[in-house]
Amino acid sequence: MTRDEIILKVSEKMRLIRTEAGYTQDKMAEIVGVSKKTLVQIEKGRANAGWSTVVAVCALFRETETVRFLFGNEPLEVIETVVREGIDFRKEKTLGGKIWWKEIQNKSGYVLQQNIISQHYRIIDEEHFRIYSSFDETSARERFAEVIEELQHQY
């Protein structure tokens, strides 16, 4: 998934996100920091939202069914992975990936998963903290092998 794909997906669903949240166009425009005219153009498909608007929508409306349908249960992880071109550090605790994730590998308490919606990969530790995310399967598998190797050298 790319930044442009995310912009397109959110732009196409902006009206649905707004109505699901129960906001008027005036209030939604105020919340996400655009003019009502711009919001109307986005909702009518005449313009796409800007990146900062998309990030704001994903952050502020991450609990809506529409945003979850677009990106799974952790839309900000998808955005962060795209922006940083992968993440490789221990981050916030996840729910463990029971619903939106397919397990690829599991070893020594570490799990390599793939998101069924966005298709990005992540590694979580035994406490369900995300330690790595990437859209590249090869680098995700390589990093998983490195994590397991590092773990084995500790013991």
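**Exercise 1.** In this predicted model, decide whether E43 is buried or exposed, and then work out which parts of the chain its salt bridge with R15 ties together.

*Solution.* The relative accessibility of E43 is 12%, and because buried means under 20%, E43 counts as buried. The next step turns to the partner, R15, which has a relative accessibility of 44% and therefore counts as partly exposed. These two residues form a salt bridge in which the closest N and O atoms are 4.0 Å apart. Since E43 belongs to helix 4 (residues 36–43) and R15 to helix 2 (residues 14–21), the pair ties together parts that are 28 residues apart in sequence.

**Exercise 2.** Find which residues are linked with E77 and E80 in a network of salt bridges, and trace the pairs that R122 and R130 form.

*Solution.* Begin with R122, which forms a salt bridge with E77, the closest N and O atoms lying 3.3 Å apart. R122 sits in strand 3 (residues 121–124) and E77 in helix 7 (residues 75–84), so this pair ties together parts that are 45 residues apart in sequence. Both R122 and E77 are buried. Continue with R130, whose salt bridge with E80 has its closest N and O atoms 3.6 Å apart. This pair links distant parts of the chain, with R130 in strand 4 (residues 130–134) and E80 in helix 7, 50 residues apart. R130 and E80 are likewise both buried. Finally, the network of salt bridges links E74, E77, E80, R122 and R130.

Notes: Residues are numbered from 1 along each chain as its sequence is written. This is a predicted model: local features need pLDDT of at least 70, side-chain atom pairs count only at pLDDT 80 or more; totals for chains, interfaces and linings use all residues. Side-chain values use heavy atoms; hydrogens and water are left out. A salt bridge is a side-chain nitrogen of Lys or Arg within 4 Å of a carboxyl oxygen of Asp or Glu. Helices (H or I, at least four residues) and strands (E, at least two) are DSSP runs, numbered from the N terminus. Buried means under 20% relative accessible area, exposed over 50%, partly exposed in between (1.4 Å probe, protein chains only).
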